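Here is a short report on one protein chain. Keep the sequence and the 3D view open as you read.

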Amino acid sequence: MALRGSLRAGRALLRGPPSRGLCSRPPAFGFLFDVDGVLVRGSQPVPAARRAFQRLADGGGRLRVPVVFLTNAGNCLRSAKARELSQALGLQVSPEQVVLSHSPLQLFSQFHQRCMLVAGQGPLEENAHEYPLRLVVLRALGFKHVVTIEALRKAYPLLDMVDLSRRPKELPPPTTGFPTIEGVILFGEPVRWETSLQLIADVLLSNGNPGAELQDAPYPHLPILACNMDLLWMAEAKMPRFGHGTFLLCLESIYKKVTGRELKYEALIGKPSPVTYRYAQYLIQQQAEKQGWKAPIRRLYAVGDNPMSDVYGANLYNNYLKSAQQSQVQAGLKRSPQAVSPQAEVSLELRNDCNNSVESCESILVCTGVYRHNGDVPKETVETVFHGHRDFSFDPSLVEASYVVQDVDDAVQLAFKKENWS
């Protein structure tokens, strides 16, 4: 990746005399902060995070710039993630400032009345019913009929056979009255991968009736909504950990090996999907309006630690913004059509209730997480391995950050200097 020049440019912007006082004019920009590897490592805050937010807040602890926390985490509630961030950063974070990998599922109302199998961990049923009645521009998650992997396993105990200790000791009676499953939601990586992989495959191969005998596998299969495509993520360990993207890779490989066909997604949600950035932009603009800041938001600064997720997503959305300005929404999006389905494309269209003031989304890569800058390795000897999802085509320009800085505090300072704002 051609990132060394970006690092030099980032350092150059950070040099210069310190700003004096606080800027009195309203901001024309906002921040999209990744969480893991940027603000925290596992449960431990990154040391630069509190310094960064001291710059962003006024004397009363109120943010002076609109901020959204854009994370591919998904096995929790927005309110729980907001509490974690409040404690880590030392200021109040509201759930409305948090975008989890599954948050844009609120856009897919055509599935809200269907019986959906949900895979992942954490309070899944609470997630799927988090805002069942709220009518807002972007509809809340609102799924009314949810079946978890555990509920499916209990209804069909003969399906889960890998763990000998969980096999039924006696032949169970036939299952009756269990609803037909009409779609699958993949929230995040599950705890027992073998169980989830087996039961999801059973549902897809049986067209939602996993107790039936295997006939010809239906194709196209039931719709799948997948959240969080990260192959790897950074916690306290020295090396990155497997993410939900690794689980998706396993499921795709198994399905193709069994059926000879490609697993298809109704939509892929979370970074780097443009749907997620469109939703984050909406929340940034809502914050600015709520604070009474009259200046339209013109620029977004997306700060992340993962070139294949954070940088790729920000640059892809920047391409979308540029093409939207030219009334050519599809131009410049270097990805497969199924990365954003027709239903998701509708949600990306510029709406009357979400103004089109944003002109750019600049990517800032930090060196405190997945990406580590190594100035001793010549650029030509570094082999780029694409860690992105299968349905997003690799384009080297999309993983090249606008700027590379050491940490999130440097990222905030860089944006302030670009905006002549302090």
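Which salt bridge joins the side chains of Asp58 and Arg62, and at what N to O distance? The two side chains meet in a salt bridge at 3.4 Å, N to O. Keep in mind that this is a predicted model. Asp58 is partly exposed, with a relative accessible area of 24%. Arg62 counts as exposed, at 55% relative accessibility.

## The whole chain

Start with the overall count. The protein chain has 11 helices and 15 strands. It holds 422 residues, and 55% of them count as buried. About 18,800 Å² of the chain is exposed, and carbon and sulfur atoms supply 52% of that area.

Now look at how the chain meets itself. Take the contacts with a separation of 6 or more. Residues 24 or more positions apart account for 80% of these contacts.

## The nonpolar cores

The largest nonpolar core has 41 residues. Those with the most contacts inside this core are Phe31, Phe33, Leu39, Phe53, Leu56 and Phe69. Several elements each supply at least two of the core residues, among them the strands β1 (29-33), β4 (67-70), β13 (299-304), β14 (360-366) and β15. The helices α2 (47-56), α3 (78-89) and α11 do so too. Which element gives the largest share of this core? That is α11, with 6 residues.

A second, separate core has 35 residues. It includes Leu263, Tyr265, Tyr312 and Phe392.

Return to Phe69. Which residues does Phe69 contact, leaving aside its neighbours within four places in sequence? The list includes Phe33, Leu39 and Phe53. Leu85, Leu89, Val93 and Val98 are also among its contacts. So is Gln97.

## More salt bridges

A search of the whole structure finds 17 salt bridges. The table shows three of them.

| Side chains | Distance, N to O |
|---|---|
| Asp58 and Arg62 | 3.4 Å |
| Glu262 and Arg390 | 3.1 Å |
| Asp391 and Arg390 | 2.8 Å |

Arg390 appears in two rows: it meets Glu262, and it meets Asp391. The pair of Glu262 and Arg390 links distant parts of the chain, 128 residues apart. Glu262 is in the loop between α7 (244-259) and β12 (267-269). Arg390 is in the loop between β14 and β15.

How covered are these residues? Glu262 counts as partly exposed, at 30% relative accessibility. Arg390 is partly exposed as well, with a relative accessible area of 34%. Is Asp391 buried or exposed? Asp391 is buried, because its relative accessible area is 3%, and the cut-off for buried is under 20%.

Salt bridges can also share partners. Here they join Arg51, Arg55, Asp407 and Asp409 into one network.

## Gln406 in its loop

Find Gln406 next. It is found in the loop between β15 (403-405) and α11 (408-419). Gln406 is partly exposed, with a relative accessible area of 42%.

Which residues does Gln406 contact, leaving aside its neighbours within four places in sequence? They are Val366, Cys367 and Thr368. Compare sequence and space for another pair. Gln406 and Arg372 are 34 residues apart in sequence. In space they are 9.1 Å apart, C-alpha to C-alpha.

## Around helix α5

Arg153 has its place in helix α5. Is Arg153 buried or exposed? Arg153 counts as buried because its relative accessible area is 13%, and buried means under 20%. The side chain of Arg153 makes a polar contact with the side chain of Glu150, at 3.2 Å. Not counting residues up to four places away in sequence, Arg153 touches Asp160, Arg166, Thr195 and Leu199.

Move on to Leu158. It is found in the loop between α5 (149-155) and β8 (183-186). Leu158 is partly exposed, with a relative accessible area of 42%. Leu158, Met161 and Leu171 form a nonpolar patch on the surface. Together these three have about 300 Å² of accessible area.

Note on methods
Residues numbered from 1 in each chain as written. Predicted model: local features only at pLDDT ≥ 70, side-chain atom pairs only at ≥ 80, totals over all residues. Heavy atoms only, no water. Helix = DSSP H or I, 4+ residues; strand = E, 2+ residues; numbered from the N terminus. Buried < 20%, exposed > 50% of the residue type's maximum accessible area, 1.4 Å probe, protein only. Contact = heavy atoms within 4.5 Å. Core = buried A, V, L, I, M, F, W, Y, C linked by side-chain atoms within 4.5 Å. Patch = residues over 30% accessible without salt bridge, like charges linked within 9 Å, V, L, I, M, F, W, Y side chains within 5 Å. Areas by Shrake-Rupley, 256 points an atom, 1.4 Å probe, with all protein chains shown as cover. Salt bridge = Lys/Arg side-chain N within 4 Å of Asp/Glu carboxyl O. Polar contact = N/O pair within 3.5 Å; in protein donor to acceptor, adjacent residues only side chain to side chain.
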